[in-house]
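Thanks for coming, everyone. I'll keep this short. Let me put the model up, and then we'll walk through it.

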Amino acid sequence: AQRSLKGEFSERIRALEELLTGLRVYVEAALDFPDEEVDFLADRAIAERLQSLKSDCDQLYGTAQQGHLLRDGITVVISGPPNAGKSTLLNTLAGDQRAIVTEHAGTTRDLIRETINIQGMPVQIIDTAGLRDTDNPVEQVGVELALQAAEKADLLIEMISAEGIDWSKLTSPEARGLNFESGVMAQAGLKGSTTPRIRVINKVDLYSQQALAAERNQDHGDSGLDPLYLSAKNGTGVAELKTRIANIAGLQPTEQSPFIARRRHLQAIDQARLAIDRGIQVLEQQAAGELLAEELRSAHDALAEITGKVTSDQLLGEIFSSFCIGK
Ligand SMILES: Nc1nc2c(ncn2[C@@H]2O[C@H](COP(=O)(O)OP(=O)(O)OP(=O)(O)O)[C@@H](O)[C@H]2O)c(=O)[nH]1
Ligand SMILES: [Mg+2]
């Protein structure tokens, strides 16, 4: 069963807030009452508490991220020239005849969406029009939609067809990469985008087993090519494609069911852990207590966005009471 925000997740956030409050009380007090002679910046206890806070925060982030993936999933866009087999792949993944497939280049014009399940994660697959320059106004609109979808994707499948490529002429990794980098995709600026991508060479069923084996053994150097050999038609490579999608998304097989976290919660935890990280830096490198206090405050504010609490007043109260008790 999946645990809700009300349960263990908010419990863990609260625990983090408590640790953070304790630390802030200590740091703020040391800054406000210098005559207490607490040389707190040299105090190893602070560094240790910071480290343990950081690792708690990292752990929570990891768990929440898994929950976010399982709840909201990712969007994968299939991009490539016409006739590469994009619609065939969508149909194979969907296990259904969702998109029209013909031997004519330029068949698909609309975006065709289908959500599939990969290791428990919902993955929206979008099939798009083949990218090419065209005079046909309907196809032009299709290409425009395809490019917009690709820009918004979490992950791109860049597909080309093995058909008509003379691999024996392409001996260097660079030359082989050109198969992907030439054409409309490069012109459209997708080449420069940082969206993660899986490069797929489709229709490998047209090759003999030997040719395919030789092809797989090619050294792709550090070209980042490492293409996936696929037959959208007969299913070869589809399992590996799903595994790669799950890996790139960052999905981790776990026994535990993760928390169901919303995107904004995930962002808040991320902000908190980055602030704590910076706090550790300013303490270690500059021994700057004021800056540390500031970072702890932003970490606290970030967590407060999840719990919805106003924390500054609370904190002041705690500082006051802990000093009264201490005297
Ligand atoms: N042999 C073989 N043929 C394939 C494979 N995948 C697709 N085809 C064929 O290639 C042709 C084009 O396939 P589509 O899936 O329509 O290609 P597309 O990329 O969607 O094309 P557009 O919509 O025009 O951009 C069809 O005749 C398919 O049957 C494959 O893995 N092997
Ligand atoms: Mg198509």
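**Ligand, metal, sheet, cores**

Start at ligand 1. A polar side-chain atom of Asp-205 sits 2.6 Å from one of the ligand's nitrogen atoms. Keep in mind throughout that this is a predicted model.

How much of ligand 1 does the protein bury? On its own, ligand 1 exposes 650 Å², and 92% of that is buried by the protein. There are 23 residues around ligand 1. Those that come nearest are Lys-86, Thr-88, Gly-106, Thr-108 and Asp-205.

Backbone atoms take part as well. A polar backbone atom of Asn-83 is 2.9 Å from an oxygen atom of ligand 1. For Thr-102, a polar backbone atom is 3.5 Å from an oxygen of the ligand.

Next, the metal. Which residues coordinate the magnesium ion, ligand 2? Ser-87 does so through OG and Thr-108 through OG1, at 2.0 Å. Ser-87 belongs to helix α3, residues 86-94. Thr-108 is in the loop between α3 and β2. The two are 21 residues apart, and the pair links distant parts of the chain.

Are these two residues buried or exposed? The cut-off for buried is under 20% relative accessible area. Ser-87 has 8%, so it counts as buried. Thr-108 has 11%, so it is buried too. Thr-108 is also on the list of residues that come nearest to ligand 1.

Now the sheet. It is open, has 6 strands, and its pairing is mixed. What is the strand order? It runs β2-β3-β1-β4-β5-β6. The edges are β2 and β6. Each has a single partner strand, so one side of each has no neighbour in the sheet.

Let's go across it from the β2 edge. β2 and β3 run antiparallel, joined by 7 bridges. Thr-115 has Gln-124 in β3 as its bridge partner. The two strands form a hairpin, with 2 residues between them. Gln-119 is in that turn, with a positive phi of about 50°. As background, most residues other than glycine have a negative phi. So Gln-119, in the loop between β2 and β3, is one for the backbone check.

β3 then pairs with β1, in the parallel sense, over 5 bridges. Val-76 stands opposite Ile-125 of β3. As for cover, 5 of the 7 residues in β3 are buried.

Move to β1, residues 74-79, where we find Ile-78. Its relative accessibility is 0%, so Ile-78 counts as buried. Ile-78 and Leu-156 are 78 residues apart in sequence. In space, their C-alpha atoms are 6.1 Å apart.

Leu-156 takes us to β4, residues 155-161. β4 pairs with β5 in the parallel sense, over 6 bridges. Two partner pairs are worth picking out. Glu-158 has Arg-199 of β5 as its bridge partner. Ile-160 has Ile-201 of β5.

β5 spans residues 197-202 and is mostly covered, with 5 of its 6 residues buried. On its way to the edge, β5 is joined to β6 by 2 bridges, and these strands run parallel. Val-200 stands opposite Leu-228 in β6.

What about the loop that follows β5? Lys-203 is there, between β5 and α7. Its phi is positive, about 70°, although Lys-203 is not a glycine. Is Lys-203 buried or exposed? At 18% relative accessibility, with the cut-off at 20%, Lys-203 counts as buried.

Last topic: the nonpolar cores. The largest has 30 residues. Which members touch the most others? They are Phe-9, Ile-13, Leu-50, Ile-269, Ile-276, Leu-292 and Leu-296. The elements giving two or more residues to this core are α1, α2, α9 and α10. Helix α9 gives the most, with 9 residues.

Apart from that core lies another, of 29 residues. Its members include Ala-84, Ile-157, Leu-230 and Leu-241. In general, nonpolar side chains of soluble globular proteins tend to be buried together.

To recap. The protein buries 92% of ligand 1's area. Ser-87 and Thr-108 coordinate the magnesium ion. The 6-stranded sheet is open, with mixed pairing. That's my walk-through; over to you.

Key
Residues are numbered from 1 along each chain as its sequence is written. Chains are lettered from A and ligands numbered from 1 in the order in which they are written. This is a predicted model: local features need pLDDT of at least 70, side-chain atom pairs count only at pLDDT 80 or more; totals for chains, interfaces and linings use all residues. Side-chain values use heavy atoms; hydrogens and water are left out. A nonpolar core is a set of buried Ala, Val, Leu, Ile, Met, Phe, Trp, Tyr and Cys residues joined through side-chain atoms within 4.5 Å. Buried means under 20% relative accessible area, exposed over 50%, partly exposed in between (1.4 Å probe, protein chains only). Helices (H or I, at least four residues) and strands (E, at least two) are DSSP runs, numbered from the N terminus. Donors are N, O and S atoms within 2.8 Å of the metal (3.2 Å for Na, K and Ca); water is not among the atoms, so sites may look incomplete. Two strands pair if DSSP finds at least two bridges between them. A residue is near a molecule or strand if one of its heavy atoms lies within 4 Å of it. A polar contact is a pair of N or O atoms within 3.5 Å; within protein, one must be able to donate a hydrogen and the other to accept it, and residues adjacent in sequence count only if both atoms are side-chain atoms. Accessible areas come from the Shrake-Rupley method with a 1.4 Å probe; for residues, only the protein chains shown count as cover.
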